[in-house]
Amino acid sequence: MKRRDFIHLAGMGASAAVLAGIPSFGKAIPPERALETIDVAQKKQMADVALNAARSKGATYTDVRIGRYLNQFVITREDKVENIVNTESYGMGVRVIANGGWGFAATDKLDKDSIAKTAELAVAIAKENSRLLSEPVQLVPQKGYGEVSWKAPIEKNSFEVPVKEKVDLLLSVNDAAIKGGANYINSFLFTVNEQKYFASTDGSYIDQDIHRIWPTFFITKIDAATGKFETRNALSAPMGMGYEYLNARPQDKIKGPTTLYKGRYDMIEDARAGAQQAGEKLKAKSVEAGKYDLILDPSHLWLTIHESVGHPTELDRVLGYEANFAGTSFLTLDKWESKKFNFGNKNVNLFADKQQIGSLGAVGYDDEGVQCGRWDLVKDGILVNYQAIRDQAHIIGLTASQGCCYADSWSSVQFQRMPNVSLQASKEKRSVDDLIKNVEKGIYIIGDGSFSIDQQRYNFQFGGQLYYEIKNGKIAGMLKDVAYQANTHEFWNSCAGTADESDYRLGGSFFDGKGQPSQSSAVSHGSATTHFKGVNVINTSRNIG
Amino acid sequence: MPILTKDEAQALLKKVLSYSKAEQCEVNIYGGDSGNIRYARNSVSTSGNISQSTLIVSSAFGKKLGTATINEFDDASLQKVVKRSEELAQLAPENPEFVPFLEPQKYAEPITFVQATASITPKQRTDAVAQSLQVSKDNKQVAAGFFEDNKAFSAMMNSKGLFAYNTATNVNFSVTVRTADGKGSGYATRGYNDFTKLDTKAATEIATQKSMKSAAAKAIEPGKYTVILEPAAAAVLLERILFDLDARQADEGRSSFSKAGGKTRLGEKLMDERVTIYSDPLNPELPTSTWNGDGRPHEKTTWIEKGVVKNFSYSRYWAQKKNVKAIPSPNSFIMEGGTKSLQDLIAGTKKGILVTRLWYIRDVDPQTLLLTGLTRDGTFYIENGKIQYPIKNFRFNESPIIMLNNLEELGAVERTVSVESNNNYLIPPMKIRDFTFTSLSDAI
């Protein structure tokens, strides 16, 4: 599902018919059907039909992805259940190299004849396009793993939890918000299970089971007299977890101006706080534009990392493959080759991985059959690496892919997507209070809000959910109408330090959009609370009469 | 799947309904094929072909609704999907906002299907891209682009006798051409129902000219400027106004069309009197479906007339509650323009900025529809009626509602594509004063 479709769904309470009309939603199914799985031996048979058909038509490389994508949406507002939708999307995508070029075709008809025809179509497309190639595709070698599997280490499969329990939770969340003074609340529970099977002519047959969960809400508080309104969104994070994410224990809570959550989430408590804070926002002081030190909570900083670090270190952008849509990157190859480009200052260490437990990016193998790992992107402030897949690895002198290949559906062609990209926490003991007490004039920002960045990832602007003014080392009250604008390079060179590992938390997105046709991927970004010096803050209030 | 004819679709949906035991039943079907080619670095990168179909059955007992879908169309599968939707309806909680399915409606005959687009071959796709690549190579520029065509049919029928049917084709093309050293960049996009109208060579020539002329851009101070927005740039701002015209959001006090005391801005003049925006599914330059997914007819509707908010869109539930006509939200829109070309607008500008494309548009404040984003792929300084030199890109913070109050002049309407939503619109190029740029970007 595309982010825009989700927003539409969130805002309008779309009908099941509308949902099913969006191909990537797949088809609606009864809840218990989600617990059925497809036999691995059957998937291997289907994959072999495609591999053999493509080979017989002249493909020199083929990979097959058989995907079963299960989504469940529980959608409520105030005291009403707006919709409960279970969807399943099941089919096969076949990618080949023929005459040196890529071809791809996909089908949801999985009889032998349709599979073979799809593989043949992929070869025909590759051959047709090869006349426009400037050079043949070059794949870095990849050993076959034989028949292997990987399962996300979840405690409780969300699809096993009765729908009624989920509905009751959301209605309790809404009740807490309304009792707390909210005028409106829309709440959602979105769960995903990707059952993915990959096979290739390298000799890999990989079966994977991936789970994700995202509980969230949007609260609106209106001042009827003035007609002004304020919103407060949930401080949850989408996670690569099962239903255990919604069982928050005391040790998962961080107390401060608002309660923050580490690894587990208390949705009712957050809604209660959110309703009160939306009211406080209406009365809050409008920010005075100027330079401020920023203390950024991980529930906010994840998105700044995503946009200003995750995207510019994507090698396909650096090389120009995304020039027509997502854009290119300011982190050109000469900066990496120099081994002395200060992406940030010495406080800045950023790493990529597809392994962190509970993260959205965690998988055993990527969508071209490469085992996943962890590597540095920025070390002591210096740009040291990118994110690459098999047909790019040779360009930066790698002898193996970094495992960053992903497709959002069986019907989408896989390409380079962002792994988790995270900011390393301080190795020295340092609390959030330690950071705040060193700030004379600053703003403490919690939660993600408006976000926008240019196509080479220099100039960005971010808002948040909660803004607290810091005066002489102390929190002085709430602000509103805040957004900060900065240049990526200057911003990361103004990093004055992060809190320690005990404050390290993940944020993330279900809907990172890239590619044409646009595809969504889910990715997490970890950090501890971090201090940036002297950032330009603008006031966003306007009047339309 | 192949496009079903009207008779075939009607027969299939009748058969599905004959299996229903629910108090009310509604069936939708969608199907079609799409093909695409992506290219970058003057070479094809990926391409594909996707074929899909879905049949959706919604069964209702009282205010309880169940929906199930399937993509197999033999009798046993059809019976199974109807039964499953009935079982789900019995299990579902009552939805107090459930509205009974619609009675039969009258629809205008749609004009959205063009055979030339439906019969595109992989060779035609590759040839269209080859023509684009030839232009960039001949000019020693580097092109990245995307070509995508779709053919689809949709139909619906319900137990009250409603039947609707449509077929549609579409082709969208976009290309970004950059100088080999990455110091210049230009863009063009085109969208049509009819593939034969698409000239990838001509579009790439425009992008190439912009690329070559945009190298060595100068930095000028951010601030308020007169801008000329090309249609592709205006589209991504104007569509946000249309997305915000939902009656319920406005009535509930949480949109830019809400007012103090629970009132809305319906009937108020909010923009310059030259601003008229309407939707018309039968416009020959931009035809769209004549019915929406719940069976309501799409009719010609004026949304903004001479700057006055004339209509909101409604869900059927909200319209019933408010006792008004349930106008569905449009699939597209048309903004009235003038007769001048883009060149005429430039020629009549003493000082200003020409904007080819706007990018990464996000809401900053829903209360005022304040948006942020950046210029991209061809931003030029105009003085004394001529483009003087390329300038570095800017970030803007601007509300399209405020912007349409600051209207100076409109040019002739043309069809364009939103890079944000992929929707096609008919929009004029427009000259706007006091457009707010808040910072500079080094991006090219």
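In this predicted model, Gly181 of chain A adopts a positive phi of about 110 degrees at a position just after helix H5 of the same chain. The helix that precedes this glycine, H5(A), runs over residues 163–179. With 17 residues at 1.5 Å a residue, H5(A) should span 24 Å, and this expectation agrees with the separation of its end C-alpha atoms, which are 24 Å apart.

The two sides of H5(A) can be described in turn. Its buried residues are Lys166(A), Leu169(A), Leu170(A), Val173(A), Asn174(A), Ala176(A) and Ala177(A). When the helix is seen down its axis, these buried residues fall within an arc of 160 degrees, and they therefore line one face of H5(A). Such an arrangement can be read against the geometry of helices in general: an α-helix has 3.6 residues a turn, so residues three or four places apart point the same way. The face of H5(A) that is turned away from the buried side carries exposed residues, namely Lys164(A), Glu165(A), Asp168(A) and Lys179(A). On the buried side, the packing partners of H5(A) comprise three strands of chain A, E2 (61–77), E6 (184–200) and E7 (204–223), together with helix H6 (267–283) of that chain.

Chain A as a whole provides the setting for this helix. Its secondary structure comes to 11 helices and 26 strands. The radius of gyration of chain A is 24 Å, close to the 24 Å that the globule rule gives for 545 residues, so the chain is as compact as a globular protein of that length. Taken along the principal axes, the box filled by the C-alpha atoms of chain A is roughly 70 × 55 × 45 Å. Of the 545 residues in chain A, 60% are buried. Among contacts in chain A between residues at least 6 apart in sequence, 75% join residues that are at least 24 apart.

For chain B, the domain assignment gives domain 1, covering 6–211, and domain 2, covering 217–444. The C-alpha centres of domain 1 and domain 2 of chain B lie 25 Å apart, and 31 residues of domain 1 of chain B are in contact with 28 residues of domain 2 of chain B. On the side of domain 1 of chain B that touches domain 2, the elements giving two or more residues are strand E4 (141–158), strand E5 (163–179) and strand E6 (185–192) of chain B. By class, this side of domain 1 of chain B has 11 nonpolar, 15 polar and five charged residues.

Terms used. Residues are numbered from 1 along each chain as its sequence is written. Chains are lettered from A and ligands numbered from 1 in the order in which they are written. This is a predicted model: local features need pLDDT of at least 70, side-chain atom pairs count only at pLDDT 80 or more; totals for chains, interfaces and linings use all residues. Helices (H or I, at least four residues) and strands (E, at least two) are DSSP runs, numbered from the N terminus. The radius of gyration is taken over C-alpha atoms; the globule rule is 2.2 Å times the number of residues to the power 0.38. A residue is buried if 20 or more other C-beta atoms lie within 10 Å of its own, exposed if 12 or fewer, and partly exposed in between; C-beta atoms are placed from the backbone. Two residues are in contact if their C-beta atoms, placed from the backbone, lie within 7 Å. Domain bounds come from an automatic or database domain assignment. Ala, Val, Leu, Ile, Met, Phe, Trp, Tyr, Cys and Pro count as nonpolar, Asp, Glu, Lys and Arg as charged, and the others, Gly among them, as polar. The expected span of a helix is 1.5 Å times one less than its number of residues. The arc is that of the directions from the helix axis to the C-beta atoms.
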